[in-house]
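These are my notebook entries on one protein model. I set out to look up its strands, its core and its cavities.

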Amino acid sequence: MSFDSQLLQKSPIEPILELKNHPDRPERSMRGLTLDLLQNFECDLLNSPSTPADLLCWKFRMTHQFPPLTTEQKKELHEIALRIVSTGKGILAADESIGSLGKRLNQIGVENNEENRRLYRQVLFTADDRIDNCIGGVIFFHETLYQYSDDGVLFVKMIKDKGITIGIKVDKGVVPLPGTNGETTTQGLDGLSERCAQYKKDGADFAKWRCVMKISDTTPSNLCIKENAKVLARYASICQQHGIVPIVEPEILPDGDHNLKRCQFVTERVLAEVYKAMFDHHVYLEGTLLKPNMVTPGHGCPTKYSAEEVAMATVTALRRTVPPAVTGVTFLSGGQSEEEASINLNAINNCSLVKPWALTFSFGRALQASALKTWRGQRENEAAATEEFIKRAEINSLASQGKYTVCGDSSGATGLSHYLSSYAY
């Protein structure tokens, strides 16, 4: 018999069994076959049981070492995640980059500068105690984390004083993924550990990282799915080492004309890969949140689906891929109008299927559109704009409990679609 080293590494059972029982075993070992190839296994295969079935029972687990989370770390992470998605609460995503927020300000005729960005965030953050039961967390952009109100109060302190948890966007945006048909991955892993350590000191208890995929005849590719899943898992693992709960966001954009079934299939494929990567990277799932897209048809799809159909497809996809250990699912709005996002969230929570996670919102545009349109950069409009934000927060709080009664008013900003092709934060 020839004991080829590559064969031994790929399929070790039969060669090992034959070697074990071979009369010339000692002599053959002296001629080059040693135990070096097997030194990373947790058991001595040459001295293990002598049948393939017995050998398989040893599972051939490779040894590994990694910095495990302590019991105290796990407890802290789980408690933070639970606090964010406690009953009736969701997340305000106020983490738009300078460029993305600038596009929204330009739409209302407001110059994109630091002071105007501060003033707009202040409109949201000065909401009264009515939002305390609606908002469990606020995602900040780096700039906003260190800004102050007109009264000289740090925004972080304003939010924390309301009992709301502070989050921070930590990715550095999407970049092209070579070897694909225009697909992307997300950058920012370099230096992430140091940034997380600093953000924790500065008051952040959770973080967000967004990866983006599109549906077409050729996308998302296996390469794109696997690469983005691995990036999300590495980000999550790094965050947890610093006591920060990672929000994992594998967004499938609504670009295209695909139907509901196609979106469900791709969503399941992506989420399955994400949680395989999370397992491989030893991520503590109870200390994480998922921020997925709802399962909806492409923006160009001619078929219109009911909220109940969207809900059934969404919950089915989650049940097939997301472990029950995950603390909560905080949906992104994905370009839906304010009212559409709320109606779909309400239907998801009323879906008859068993749902082992909190199902709530992490909305940006679907919480802010009416407020932004009302504000228009004018000081005299600030109070009215804040009221619009509070109204949407209360509606989505009800929707996250399946208690929202549709008013039938889709006029104004509430009924406007916020879809943008290839949307980027």
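The entries below follow that order.

**Basis.** I worked from a predicted model, in which local features need pLDDT of at least 70, side-chain atom pairs count only at pLDDT 80 or more, and totals for chains, interfaces and linings use all residues. Residues are numbered from 1 along each chain as its sequence is written, and side-chain values use heavy atoms, with hydrogens and water left out.

**Strand β6.** I looked up strand β6 (residues 206-213); strands are DSSP runs of E with at least two residues, numbered from the N terminus. Eight of its eight residues are buried (under 20% relative accessible area, 1.4 Å probe, protein chains only), so β6 is largely enclosed by the rest of the structure. In a regular strand the side chains alternate between the two faces of the sheet. I noted that Phe206, Lys208, Arg210 and Val212 point one way from β6, while Ala207, Trp209, Cys211 and Met213 point the other way.

**Neighbours of β6.** Two strands pair if DSSP finds at least two bridges between them. I found β6 parallel to strand β3 (residues 165-169), with three bridges; Lys169 has Lys208 as its bridge partner in β6. Eight bridges pair β6 with strand β7 (residues 245-252), also in the parallel sense, and the partner of Trp209 in β7 is Val248.

**Core.** The largest nonpolar core (buried Ala, Val, Leu, Ile, Met, Phe, Trp, Tyr and Cys residues joined through side-chain atoms within 4.5 Å) has 109 residues. Phe125 is among those with the most contacts inside it.

Key. Buried < 20%, exposed > 50% of the residue type's maximum accessible area, 1.4 Å probe, protein only. Helix = DSSP H or I, 4+ residues; strand = E, 2+ residues; numbered from the N terminus.
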